[in-house]
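Here is a friendly walk through one structure, going from strand pairing to the space inside and then to a few single residues. Please keep the sequence and the model open as you read.

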Amino acid sequence: MLLFCGKADAQRFSVSANLVDYAALGTLNAEVSYSLSRRWSLAAGARYNPFTFRKGDEENQFQYRQQSYAVGARMWPWHSYSGWWLAGKLRYQEYNHGGLLSRETEEGDRLGIGVYAGYTHMISRHFNVEFGLGLWGGSAWYRRYTCPMCGLTVESGRKWFVLPDDLMISFAYVF
C-alpha cells in the first residue's frame, strides 16, 4: 500500500461489504476491486459463515454455513465506481444449509458463473453505496440428509442449478 501513496488522478481501488449478507445469519463478506480503466474494473470477493444456531437441539438446529470465493469484472457505462454497472463472476462455494424451512439439510460444493447488475451512488469522494442483484448457475456436487444432526443420507450426486445471488446493499470505500 505504501507504494501507492502518491497523488493519483483517479480512484483505482475499492473495498466493500454487503450488509444483506450480514443479515443472512451473519455471513461475513468482503470484496476488493481494481479499476482497469474508466469503464472496466476487476473484483475478487469472499463470504464466510461458520455459524450453527441452536446446536445440539435436534428439533430446532439450523445453519447456513458456507465459504464462497468469486472473481469477476464489471462494466461501467459512465465511469468506474459511479452509476449503473453490469458484471460477470466465476464463483466457487462450499456449503451446508438446512433446518430453517424444513428438517432436510444439504451440503456440497458448487461451481458456476453469474450475471449481475446494479447501481453505485457516490456519497462522497471516498464512500459509495451500491445496490445490485444477480443470478448464478452451474454444477453442484451434493449430499442431502433427513435432518441437521442425524446424518441419514437421502440423496447424493451432481445436479445443475440456477439460483438468485447477491441481493446487494453494500458500502464501499474507494481509494
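## The hairpin and its neighbour

A good place to begin is the link between β7 and β8: the two are joined by a hairpin of four residues. Please bear in mind throughout that this is a predicted model. Strand β7 covers residues 105–122 and strand β8 residues 127–145, and their antiparallel pairing runs over 18 bridges. To find your bearings in this pair, look for Thr 120, which stands opposite Glu 130 in β8.

On to β9, residues 153–174: this strand is antiparallel to β8, and 18 bridges join the two. Here Trp 141 makes a handy landmark, with Arg 158 in β9 as its bridge partner.

## Strand β1 between two partners

Which strands does β1 pair with? One partner is β2, in the antiparallel sense, over four bridges. Another is β9, again antiparallel, over five bridges. On the β2 side, Phe 13 has Tyr 34 as its bridge partner, while on the β9 side Ala 17 is matched with Phe 171.

The two faces of β1 are also worth a look. Ser 14, Ser 16 and Asn 18 make up the covered face, whereas Phe 13, Val 15 and Ala 17 belong to the uncovered one. Both of the bridge landmarks just named, Phe 13 and Ala 17, thus sit on the uncovered face.

## The space inside

How many cavities of 30 Å³ or more are there? The count comes to three. The largest cavity has a volume of about 220 Å³. Its lining consists of 22 residues, and those closest to the centre are Asp 21, Glu 31, Arg 47, Lys 89 and Asp 166.

Several strands share in this lining: β1 (13–18), β2 (28–35), β3 (40–49), β5, β6 (83–98) and β9 each supply at least two residues. What is the make-up of the lining by class? There are nine charged residues, seven nonpolar and six polar.

## Ser 68, a buried side chain

Ser 68 is found in strand β5, which spans residues 62–75. Is this residue buried or exposed? Its relative accessibility is 3%, so Ser 68 counts as buried. A polar atom of the Ser 68 side chain lies 3.4 Å from the backbone oxygen of Tyr 92.

Beyond its neighbours within four places in sequence, Ser 68 is in contact with Gly 45, Ala 46 and Arg 47, and also with Arg 91, Tyr 92 and Gln 93. One of these contacts, Arg 47, has already appeared among the residues closest to the centre of the largest cavity.

## Two positive phi angles

Most residues other than glycine have a negative phi. With that in mind, two residues deserve a second glance. Tyr 81 is not a glycine, yet has a positive phi of about 65°. The residue lies in the loop between β5 and β6, and because its relative accessibility is 4%, Tyr 81 counts as buried.

Asp 166 is the other residue to check: here, too, phi is positive, at about 55°, although the residue is not a glycine. Where is Asp 166 placed? It belongs to strand β9. With a relative accessible area of 8%, Asp 166 is buried. This is also one of the residues closest to the centre of the largest cavity, and its strand, β9, is among those that supply at least two lining residues.

Definitions and conventions:
Residues numbered from 1 in each chain as written. Predicted model: local features only at pLDDT ≥ 70, side-chain atom pairs only at ≥ 80, totals over all residues. Heavy atoms only, no water. Buried < 20%, exposed > 50% of the residue type's maximum accessible area, 1.4 Å probe, protein only. Polar contact = N/O pair within 3.5 Å; in protein donor to acceptor, adjacent residues only side chain to side chain. Contact = heavy atoms within 4.5 Å. Pairing = 2+ DSSP bridges. 1 Å grid on protein atoms, 1.4 Å probe; cavity = no way out; pocket = protein on both sides within 12 Å on 5 of 7 lines; lining within 4 Å. Points joined across faces, edges and corners; volume = space filled by probe spheres on them. Nonpolar A, V, L, I, M, F, W, Y, C, P; charged D, E, K, R; others polar.
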